[in-house]
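Reader: I am new to this structure and would like a close look at a single part of it, the nonpolar patch on the surface. Please set that part in the context of the rest.

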Amino acid sequence: MKRSISSSIKNVAKVSFGTLFGQLISIISFPFITRIYGPEIIGLWTIINACATLLVSVGDLGLTSVLMMCEDGGLKKMYSAVTLISIAISLLCCPAVLVYCYFQKGT
């Protein structure tokens, strides 16, 4: 008797293997990148990456949950509002991160 794998399990496997492959590329290329740029640049890169990760997680203030509860008529309007708020938060935080990294590089 053949067992068929559901499409959702196939989709999860594709995403998981893609993520794993991307992480493997990062791990393999990391020694070469550190030799090219040096530890100071890698440290600044890590700080910027960490700040960007925080901004991504809180940038929309959890308003993407609203999109699931929204009716079809207001979905486009709500999506544009959530996107605008996320862009505004990112643009406000970007100069602060750049100034911080600039002064870290100078010390």
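**The nonpolar surface patch**

Author: On the surface of this predicted model, a nonpolar patch is formed by F17, L20, L24, I27, I28 and F32, which together have about 680 Å² of accessible area. One of these residues, F17, sits in helix α1, the element that covers residues 7–37. F17 counts as exposed because its relative accessibility is 59%, and the cut-off for that class is over 50%.

The patch can be set against the whole protein. The protein has four helices and zero strands, and the order of the elements from the N terminus is α-α-α-α. Among its 107 residues, 8% count as buried. The area that the protein exposes is about 9200 Å², and 72% of that area is supplied by carbon and sulfur atoms.

Helix α1 also takes part in another feature, the largest pocket. The volume of this pocket is about 210 Å³. Two elements, α1 and α2 (39–58), each give two or more residues to the lining of the largest pocket. The lining consists of I25, S26, S29, F30, I33, I42, W45, T46, N49 and A50. For the pocket as a whole, the underlying idea is simple: a probe the size of a water molecule, rolled over the atoms, shows where empty space is left.

One more point concerns the cysteines. A disulfide is a covalent bond between the sulfur atoms of two cysteines. The structure holds zero disulfides. C93 is in no disulfide, and the nearest cysteine sulfur to it, in C94, is 8.8 Å away. Seen from C94, the closest cysteine sulfur is that of C93, and the 8.8 Å between them is too far for a bond; the cut-off for a disulfide is within 2.5 Å. C93 has a relative accessible area of 28%, so this cysteine is partly exposed. C94 also counts as partly exposed, because its relative accessibility is 37%.

To return to the part in question, the patch is made up of F17, L20, L24, I27, I28 and F32.

Conventions. Residues are numbered from 1 along each chain as its sequence is written. This is a predicted model: local features need pLDDT of at least 70, side-chain atom pairs count only at pLDDT 80 or more; totals for chains, interfaces and linings use all residues. Side-chain values use heavy atoms; hydrogens and water are left out. Buried means under 20% relative accessible area, exposed over 50%, partly exposed in between (1.4 Å probe, protein chains only). Accessible areas come from the Shrake-Rupley method with a 1.4 Å probe; for residues, only the protein chains shown count as cover. Patches are made of residues with over 30% relative accessible area and no salt bridge: like charges are joined within 9 Å, nonpolar side chains (Val, Leu, Ile, Met, Phe, Trp, Tyr) within 5 Å. A salt bridge is a side-chain nitrogen of Lys or Arg within 4 Å of a carboxyl oxygen of Asp or Glu. On a 1 Å grid over the protein atoms alone, a cavity is a set of points where a 1.4 Å probe fits but cannot get out, and a pocket is an open set with protein on both sides within 12 Å along at least five of seven lines; lining residues have an atom within 4 Å of a point. Grid points are joined across faces, edges and corners, and a volume is the space filled by probe spheres set on the points.
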